[in-house]
Amino acid sequence: MASSDSIQSAFLEEVKKRLPSNLSFVDELAEILSISKDSAYRRIRGETVLSLDEAKKLCGRFGVSIDSLFTPTSNMVPFMDRSPSENYTLEQWLTSILRNVEMLTEITYAAKDIPIFHYLRHPELAAFKMFFWQKTIIENPEYKTQTFKPGSISKEMIQLGNRIWTKYAAIPSVEIWAVEAINNTLKQIEFYQECSFFSDSKQAPQLCDHLIELIRTVQADAADARKSGGSTFNLYQNEILMSDNTISAKSGDKRLSYLNYNTISLLITQHDLFCEKTEKYLNGLIKHSTLISGTAEKERIKFFTKMTNRIEEFKQKL
């Protein structure tokens, strides 16, 4: 069994890896634990043992699992759960997403639904999504009697979403989509229309128009094989309807896996074997997919035309 010194050293090294490169590890450690810089240095050097409360704070802040340091090859996979709730607000969740994206250097995303990053770049769609999450998924009591209207979501929240998109746009990314990736958002619009959760009957068709704008923006990015003002963007079309949203990511030489459940809840792990399996699964999925970014103009146009037509048909039925 590893000594307590080596376990603490390994634990703090995992914490350090999750910090953006522009931040001082000592400064962040001192601030989070409410200790002096000298005390932070002593913990880093192993001269002072981290208390359980201190380890808990760091686990909660950075999602590092102490269990994984004891059993790195076990079939028991430790996950950090990031789920908005009454006690963990949507703003806190989005801030956590921003912090995660800030540390990533590469992303591969198998998308059952259009990745939320794309919605966050479009203010009107970002506002609808955030309202839907608050009212219907999180069931925030403040939204119980509200209907969706302009201004339902604060400018600060929309700006936070845009910051997440900007950071994501700077990361080299591979995304795997099916035409069905549009379905959930259409169902959400339909549900709100049927339940009279829109303050104006024009809002549902307007959201469809915004959705078409977004699809055309992504199509333009795919044609350039580059996200607008950002990094490389490789988009694949897959004919198989994917059962979930799965993300494999890297932060330097460290691998991470993200599993999406309950619409916006996330399970996050750095477990080496699980990340290796996830990476292998996504690579296999890519082999059975068609690259539609940069090249394959005909296939790209057909793919996005199908999505646009599906939105137009849905809009006509509203």
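**Close-up views, starting from strand S3**

**View 1. Strand S3 sits inside the structure.** In this predicted model, strand S3 covers residues 173-177, and 5 of its 5 residues are buried, so the strand is largely enclosed by the rest of the structure. Buried here means under 20% relative accessible area.

**View 2. The two faces of S3.** Look at how the side chains of this strand split up. Ser173, Glu175 and Trp177 point one way from S3, while Val174 and Ile176 point the other way. Whichever way they point, all of these residues are buried.

**View 3. S2 alongside S3.** Strands of a sheet pair through backbone hydrogen bonds, and they can do that either parallel or antiparallel. Strand S2, made of residues 106-111, is joined to S3 by 5 bridges, and the two run parallel. To find one of the matched spots, go to Ala111: its bridge partner in S3 is Trp177.

**View 4. S4 alongside S3.** Strand S4 takes in residues 233-237, and 5 bridges join S3 to S4. This pair runs parallel too. Which residue of S4 does Ser173 stand opposite? That would be Phe233. Trp177, meanwhile, stands opposite Gln237 in S4. So Trp177 turns up in two pairings, with Ala111 and with Gln237, if you follow the definition of paired strands.

**View 5. The whole sheet.** Pull back and you'll see 8 strands forming an open sheet. Reading across, the order is S1-S7-S6-S5-S2-S3-S4-S8, and the pairing is mixed. The edges belong to S1 (80-82) and S8 (290-291), each of which pairs on one side only. S3 has S2 and S4 as its neighbours in that order.

**View 6. The sheet in its setting.** Altogether the protein has 13 helices and 8 strands. Its radius of gyration is 21 Å, close to the 20 Å that the globule rule gives for 318 residues, so the protein is as compact as a globular protein of that length. The C-alpha trace spans about 70 × 45 × 35 Å along its principal axes. Buried residues make up 49% of the 318. As for contacts between residues at least 6 apart in sequence, 73% join residues at least 24 apart.

**View 7. The outside and its charges.** The accessible surface comes to about 16000 Å², and 49% of that belongs to carbon and sulfur atoms. How many positive and negative side chains are there? The protein has 39 positive and 40 negative ones, and the centres of the two sets lie 2 Å apart.

Note on methods
Residues are numbered from 1 along each chain as its sequence is written. This is a predicted model: local features need pLDDT of at least 70, side-chain atom pairs count only at pLDDT 80 or more; totals for chains, interfaces and linings use all residues. Side-chain values use heavy atoms; hydrogens and water are left out. Helices (H or I, at least four residues) and strands (E, at least two) are DSSP runs, numbered from the N terminus. The radius of gyration is taken over C-alpha atoms; the globule rule is 2.2 Å times the number of residues to the power 0.38. Buried means under 20% relative accessible area, exposed over 50%, partly exposed in between (1.4 Å probe, protein chains only). Contact means heavy atoms within 4.5 Å. Accessible areas come from the Shrake-Rupley method with a 1.4 Å probe; for residues, only the protein chains shown count as cover. Lys and Arg count as positive and Asp and Glu as negative; His and the chain ends are not counted. The place of a charge is taken as NZ of Lys, CZ of Arg, CG of Asp or CD of Glu.
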